[in-house]
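The exercises below are meant to be worked with the sequence and the three-dimensional model side by side. Try each task before reading its solution.

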Amino acid sequence: HPYQFEIEIDTFNFFTEAFFISIANSNQFGNNFTIAPEASLSDGLLDIVIVQKMNKAKLPFALLKQIRG
């Protein structure tokens, strides 16, 4: 089941339902699992990835797309 999150950054905030939220400074987790394709260790930024609530039938395809980068 997804969880309800409130994201607040400076004066910007919003609510979302998501399976999880990842904050990354690199584009991959271990074992070549790409989580934030545009993240870079050298840009000084953190990338926020929100895996939103989706149809369970679409979930396996979304995971395969993520794994492939």
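Two strands are said to pair if DSSP finds at least two bridges between them, and the strands themselves (E, at least two residues), like the helices (H or I, at least four residues), are DSSP runs numbered from the N terminus. This is a predicted model, in which local features need pLDDT of at least 70 and side-chain atom pairs count only at pLDDT 80 or more, while totals for chains, interfaces and linings use all residues. Residues are numbered from 1 along each chain as its sequence is written, and side-chain values use heavy atoms, with hydrogens and water left out.

**Exercise 1. Confidence**

Task: State which element has the lowest mean pLDDT and which the highest.

Solution. Begin with the score itself, pLDDT, which is the predictor's confidence in each residue on a scale from 0 to 100. The protein averages 85, and 97% of the residues score at least 70. Among the elements, helix 1 (residues 59–68) has the lowest mean, 78, whereas strand 1 has the highest, 92.

**Exercise 2. The sheet**

Task: Work out in what order the strands are arranged and which of them are edge strands.

Solution. First, the three strands form an open sheet in the order 1-2-3, with antiparallel pairing. Next, strand 1 (3–9) and strand 3 (47–52) are the edge strands, since each pairs on one side only. From one strand to the next the twist averages 80 degrees, an angle taken between N-to-C directions on a scale from 0 to 180 degrees, with axes as lines fitted to C-alpha atoms.

Then take the two pairings in turn: seven bridges join strand 1 to strand 2, and six join strand 2 (residues 12–24) to strand 3. On the strand 1 side, Gln4 stands opposite Glu17 of strand 2, and Phe5 stands opposite Thr16 of strand 2. On the other side, Phe20 in strand 2 has Val51 of strand 3 as its bridge partner.

**Exercise 3. The hairpin loop**

Task: Find what phi Asp10 takes, and decide whether Asp10 is buried or exposed.

Solution. The hairpin of strand 1 and strand 2 has two residues between the strands, and Asp10 lies in that loop. Its phi is near 55 degrees, a positive value in a residue other than glycine. For accessibility, buried means under 20% relative accessible area, exposed over 50%, and partly exposed in between (1.4 Å probe, protein chains only). At 72%, Asp10 therefore counts as exposed.

**Exercise 4. The salt bridge**

Task: Identify which residues form the salt bridge and where in the chain they lie.

Solution. A salt bridge requires a side-chain nitrogen of Lys or Arg within 4 Å of a carboxyl oxygen of Asp or Glu. A search of the whole structure finds one: Glu17 with Lys53, the closest N and O atoms being 3.7 Å apart. The pair links distant parts of the chain, for Glu17 belongs to strand 2 and Lys53 to the loop between strand 3 and helix 1, 36 residues apart. Glu17 is partly exposed at 32% relative accessible area, and Lys53 is exposed at 54%.

**Exercise 5. Core and contacts**

Task: List which residues make up the largest nonpolar core, then compile what Ser22, Phe20 and Ala39 touch.

Solution. A nonpolar core is a set of buried Ala, Val, Leu, Ile, Met, Phe, Trp, Tyr and Cys residues joined through side-chain atoms within 4.5 Å. The largest one has five residues: Ala24, Ile35, Ala36, Ala39 and Val49.

For the contacts (heavy atoms within 4.5 Å), residues up to four places away in sequence are not counted. Ser22, in strand 2, is buried at 7% relative accessible area and touches Phe29, Ile35, Asp47, Ile48 and Val49. Phe20 is partly exposed at 35%, and its contacts are Ile35, Val49, Ile50 and Val51. Ala39, finally, touches Asn25, Ser26, Asn27 and Asp47.
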